[in-house]
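Open the model in your viewer and keep a selection panel at hand. The stops below go from the whole chain to single side chains.

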Amino acid sequence: MGEVDAVITVVMIQEKGDAIRSPGGYLRQLTQKRKAGAYAIGPMLMALFNSQLKSSARAA
């Protein structure tokens, strides 16, 4: 995982907050998936973006 992807991944883990019980374990799992070619930043960014849109729509 490159430097930029790693930073984005850490920020996304922080944004998920309490939804992730073990952030370190989650990051290790994503790193292993990336090595296997099974992890891409794009879908994770879109999921986070969509969840934030839904949260803001509920608040309005």
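What follows is a tour of this predicted model, in the order in which to make the selections.

**Whole chain**

Start with everything shown as a cartoon. The protein has 3 helices and 0 strands, and along the sequence the pattern reads α-α-α. With the C-alpha trace alone on screen, the extent along the principal axes is about 40 × 25 × 20 Å. Switch to a surface: about 4500 Å² is exposed, and 57% of that comes from carbon and sulfur atoms. Of the 60 residues, 17% are buried. If you draw a contact map, look at the pairs at least 6 apart in sequence; 56% of those contacts join residues at least 24 apart.

**Helix H1**

Select residues 3-16, which are helix H1. This helix has 14 residues, and the distance from its first C-alpha to its last is 20 Å, close to the 20 Å expected at 1.5 Å a residue. Now show the side chains of Asp5, Thr9, Met12 and Ile13, the buried residues in H1. Seen down the axis of H1, the buried residues fall within an arc of 100 degrees, so they line one face of the helix. Which helices should be switched on to see what covers the buried residues of H1? The cover includes H2 and H3.

Turn the view to the face of H1 that points away from the buried side. Glu3, Val4 and Gln14 are there, and they are exposed. Then step past the end of the helix to glycine 17, which follows H1 and has a positive phi, near 55 degrees.

**The salt bridge**

How many salt bridges does a search of the whole structure find? The search returns 1. To see a salt bridge, select aspartate 5 and arginine 34, whose side chains meet at 3.0 Å, N to O. Aspartate 5 belongs to helix H1 and arginine 34 to helix H2 (residues 23-35), so the pair ties together parts that are 29 residues apart in sequence. Aspartate 5 was already among the buried residues of H1. Is arginine 34 buried or partly exposed? Its relative accessibility is 29%, so arginine 34 counts as partly exposed.

**Helix H3**

Move on to residues 41-59, helix H3. The 19 residues of H3 should span 27 Å at 1.5 Å a residue, and the end C-alpha atoms are 27 Å apart, which agrees. Show Ile41, Met44 and Leu48, the buried residues of H3. They cover an arc of only 75 degrees around the axis, which puts them on the same side of H3. With H1 and H2 displayed, you can see helices that are included in what covers these buried residues. Rotate to the other side of H3 for the exposed residues Pro43, Lys54, Ala57 and Arg58.

**A nonpolar patch**

For the last stop, select Met46, Phe49 and Leu53 and return to the surface view. These residues form a nonpolar patch on the surface, with about 300 Å² of accessible area together. Phenylalanine 49 lies in helix H3. Where does phenylalanine 49 fall between buried and exposed? At a relative accessible area of 45%, phenylalanine 49 is partly exposed. The cut-offs behind that label are under 20% for buried and over 50% for exposed.

How values were computed:
Residues are numbered from 1 along each chain as its sequence is written. This is a predicted model: local features need pLDDT of at least 70, side-chain atom pairs count only at pLDDT 80 or more; totals for chains, interfaces and linings use all residues. Side-chain values use heavy atoms; hydrogens and water are left out. Patches are made of residues with over 30% relative accessible area and no salt bridge: like charges are joined within 9 Å, nonpolar side chains (Val, Leu, Ile, Met, Phe, Trp, Tyr) within 5 Å. Accessible areas come from the Shrake-Rupley method with a 1.4 Å probe; for residues, only the protein chains shown count as cover. A salt bridge is a side-chain nitrogen of Lys or Arg within 4 Å of a carboxyl oxygen of Asp or Glu. Helices (H or I, at least four residues) and strands (E, at least two) are DSSP runs, numbered from the N terminus. Buried means under 20% relative accessible area, exposed over 50%, partly exposed in between (1.4 Å probe, protein chains only). The expected span of a helix is 1.5 Å times one less than its number of residues. The arc is that of the directions from the helix axis to the C-beta atoms. Contact means heavy atoms within 4.5 Å.
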